[in-house]
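Dear colleague,

I am handing over a structure for you to look at, and below it I have written down what was found. Please keep it open while you read.

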Amino acid sequence: MSCTDDNPSTLIDTAPIKGLATYNQNVKSIIDNNCVVCHATVPKNGAPMSLVTYDQVKNAVLNRGLLTRISLENGNSSLMPQGGPRLPQTTIDVIAKWQQDGLLEQ
């Protein structure tokens, strides 16, 4: 079993954010819909860590290269979600904006 959905139309795309990006308002749903299938409370399919809480996701951005991993090109074996396809750029931009805005929880 892998953490992949080969249908790009099922990936969550998001609109640009006005104001500050926060975990609860903007990022949590992206992680829940695209990452938690493997990065659950008890990680599955070889995932090295859980991405269920704010602190876990913040740590993944700061120390685990989350933005780099989701920004790789399709076909790269390190791309997340595992096996691709790559998340829409607007979705990646939300997480990047969250980091730029200071990784606020609320």
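**Aromatic rings and a pocket**

Tyrosine 54 has a relative accessibility of 12% and therefore counts as buried, a word used for residues under 20% relative accessible area with a 1.4 Å probe and protein chains only, while exposed means over 50% and partly exposed lies in between. Please bear in mind that this is a predicted model, in which local features need pLDDT of at least 70 and side-chain atom pairs count only at pLDDT 80 or more, whereas totals for chains, interfaces and linings use all residues. Residues are numbered from 1 along each chain as its sequence is written, and side-chain values use heavy atoms, with hydrogens and water left out.

Rings of Phe, Tyr and Trp (its six-membered ring) pair if their centres lie within 6.5 Å, and planes under 30 degrees apart count as stacked, over 60 as edge-to-face and the rest as tilted; by this rule there are 3 aromatic pairs. The rings of tyrosine 23 and tyrosine 54 have centres 5.5 Å apart and planes at 65 degrees, so this pair is edge-to-face. Tyrosine 23, at 2% relative accessibility, counts as buried. Its ring and that of tryptophan 98 have centres 5.8 Å apart and planes at 40 degrees, so that pair is tilted. Tryptophan 98 is buried, as is tyrosine 23, and ring pairs link Tyr23, Tyr54 and Trp98 into a cluster.

With kind regards
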